[in-house]
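Student: I am new to this structure and would like a close look at one part of it. Could you walk me through the largest pocket and the strand that follows in your tour?

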Amino acid sequence: MKKLKTIVTLRFALYGCKNRPFFHIVATNRKRPRNYGALEQVGTYDPLPNTRNEKLVSLNMDRIRYWLSVGARPSRPVAILLGLAGILPPHPRSLVTAARNREALAVGAQTLDALDEAEKDEEAEDTEKGTES
């Protein structure tokens with residue numbers, strides 16, 4: 001049996017300008033250049049956080065599901081994004097990133113707790129010195 005190769009891929013097409021990227025999520029022939037000849041635009045992604053520290057994503061779920069049903073394969077960055085959106089199972093890379101972030105938060109919390117305790121100890125010592133005088 002011959003394995004059929006998928007011709008259509010879901011990937012990012014870079015728009016915007018230098019230092020201000022903006023991506024369209026497009027269904028396109030996998031052999032075409034990045035921004036050339038998209039079959040359909042199915043979403044947008046703004047990777048730079050806005051004033052509320054949010055990265056904005058807009059997805060046309062119906063069309064993404066359609067393209068996946070006809071055999072389109074998402075690129076790795078798009079697969080991670082679709083996993084976070086709940087369309088695909090979570091990508092293993094996003095699970096590793098989440099674990100690293102949790103560890104960093106735990107270490108940061110421990111550091112803050114240690115600093116708070118050190119400040120309390122210093123304040124206690126200062127009050128003891130003040131009462132001795």
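Tutor: Happy to! A pocket here is an open set of grid points with protein on both sides within 12 Å along at least five of seven lines, and its lining residues have an atom within 4 Å of a point. Keep in mind that this is a predicted model.

Let's begin with the pocket itself. The largest pocket has a volume of about 170 Å³. Its lining is made up of F12, Y45, K55, V57, P77, I80, L81 and L84. Sorted by character, 7 of these lining residues are nonpolar, none is polar and 1 is charged. Helix α2, which spans residues 76-85, gives the largest share of the lining, with 4 residues.

Now turn to strand β1, which covers residues 8-17 and holds R11. R11 is buried but forms no salt bridge. The nearest side chain of opposite charge belongs to E40, and that is 14 Å away. There is a partner of another kind, though: a polar atom of the R11 side chain lies 2.6 Å from the backbone oxygen of R32.

A13 is also in strand β1. A13 counts as buried because its relative accessibility is 2%, and buried means under 20%. To place A13 in the fold, look for A27: the two are 14 residues apart in sequence, and their C-alpha atoms are 9.6 Å apart in space.

Technical notes:
Residues are numbered from 1 along each chain as its sequence is written. This is a predicted model: local features need pLDDT of at least 70, side-chain atom pairs count only at pLDDT 80 or more; totals for chains, interfaces and linings use all residues. Side-chain values use heavy atoms; hydrogens and water are left out. On a 1 Å grid over the protein atoms alone, a cavity is a set of points where a 1.4 Å probe fits but cannot get out, and a pocket is an open set with protein on both sides within 12 Å along at least five of seven lines; lining residues have an atom within 4 Å of a point. Grid points are joined across faces, edges and corners, and a volume is the space filled by probe spheres set on the points. Helices (H or I, at least four residues) and strands (E, at least two) are DSSP runs, numbered from the N terminus. Ala, Val, Leu, Ile, Met, Phe, Trp, Tyr, Cys and Pro count as nonpolar, Asp, Glu, Lys and Arg as charged, and the others, Gly among them, as polar. Buried means under 20% relative accessible area, exposed over 50%, partly exposed in between (1.4 Å probe, protein chains only). Lys and Arg count as positive and Asp and Glu as negative; His and the chain ends are not counted. A salt bridge is a side-chain nitrogen of Lys or Arg within 4 Å of a carboxyl oxygen of Asp or Glu. A polar contact is a pair of N or O atoms within 3.5 Å; within protein, one must be able to donate a hydrogen and the other to accept it, and residues adjacent in sequence count only if both atoms are side-chain atoms.
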